[in-house]
Amino acid sequence: MTDVYTAMPTDISADNLQILLTYGDVALASSLILLVILISWRLRLRLTTTLLMAAVRTVIQLSFIGLILAWIFAREHWYEVLVILTIMTLIAAGAAKNRVKRAYKGLLTDTFIAVSASAVLVTIIAIGLILRVQPWYTPQFIIPILGLILGNSLTAISLTSNQLINAFHEQQARIEMMLSLSATPYEAVHAPIRAAIINGMTPTLNSMMVVGIVSLPGMMTGQILAGAEPTQAVRYQIVTMFLICVSSTLGCTSSALLIYRRFFNRYQQLILPV
């Protein structure tokens, strides 16, 4: 395998526009956070501590994952890649669960099922059918793709879960009234489920509406900055946007149905798990 480090360019030319960042460049970009902190202090937003913590965590977490990925990329062992993918999925499920205000016992399990089922399925389709990566565990492809899908899916799932659980609590009287009028459990909660799934899908749909016009997404921008042909960067971005949309939809739907199952007993009575 070609050494990715020795193959990287050391200068900028007309044929190779890749720009290698130094630690000084990163430090300069980091100093811009001071402007954000100044705004927070001036407007009394009380975000100074949060901003500093977020900045420090960004540097530490990305530096750490960079070292891990460099090690994984150099070795390319399927079991090591599988461990990384599992850890990523577990962290995503935990993050989605922590964003739900009214958690109940079993929410982490439901969130993990929704996150993993949707993200893994879509990643398998992307790696096996669209990109046709050989071998399938090539870390340069499968780790970034799963990361993109997980990042967007956990946001969609957390939005859906949070709104649906709140709706079950706040609309308890209405749901029980519909049940008393011979409505099935699904008929009684169809409107909250529909609204929650739409809420979860909104960020993804908004991004798709303005992509390429208002914003250049991360993958496309990264490939262009790395010197890739714009047309290839566009194709990759189209593929990833559709993968994210499908994964978010499956994740939101799975999460809503799993939560729905928790809120009704075998006698089709509404319960509020804690």
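Trainee: What percentage of the 274 residues of the chain count as buried?

Mentor: A residue counts as buried when its relative accessible area is under 20%. In this predicted model, 31% of the 274 residues meet that criterion.

Trainee: How many helices and how many strands does the chain have?

Mentor: The chain has ten helices and zero strands. Read from the N terminus, the order of elements is therefore α-α-α-α-α-α-α-α-α-α. The C-alpha trace spans about 75 × 55 × 35 Å along its principal axes.

Trainee: Which share of the contacts joins residues 24 or more positions apart?

Mentor: Among contacts with a separation of 6 or more, residues 24 or more positions apart account for 66%.

Trainee: How should the surface be read, and what do carbon and sulfur atoms supply?

Mentor: The exposed area can be divided by atom type. The chain exposes about 17100 Å², and carbon and sulfur atoms supply 67% of this area. As for charge, there are 17 positive and 11 negative side chains, with the centres of the two sets 18 Å apart.

Trainee: Which residues make the nonpolar surface patch?

Mentor: The patch, of about 850 Å², is made by Ile33, Leu35, Val36, Leu38, Ile39, Trp41, Leu43, Leu45 and Leu47. One of these residues, Ile39, lies in helix α2, which covers residues 33–42.

Trainee: Why does isoleucine 39 count as partly exposed?

Mentor: Partly exposed describes values between the buried limit of 20% and the exposed limit of 50%. Isoleucine 39 counts as partly exposed because its relative accessibility is 43%.

Key
Residues numbered from 1 in each chain as written. Predicted model: local features only at pLDDT ≥ 70, side-chain atom pairs only at ≥ 80, totals over all residues. Heavy atoms only, no water. Helix = DSSP H or I, 4+ residues; strand = E, 2+ residues; numbered from the N terminus. Buried < 20%, exposed > 50% of the residue type's maximum accessible area, 1.4 Å probe, protein only. Contact = heavy atoms within 4.5 Å. Areas by Shrake-Rupley, 256 points an atom, 1.4 Å probe, with all protein chains shown as cover. Lys, Arg positive; Asp, Glu negative; His and termini not counted. Charge placed at Lys NZ, Arg CZ, Asp CG, Glu CD. Patch = residues over 30% accessible without salt bridge, like charges linked within 9 Å, V, L, I, M, F, W, Y side chains within 5 Å. Salt bridge = Lys/Arg side-chain N within 4 Å of Asp/Glu carboxyl O.
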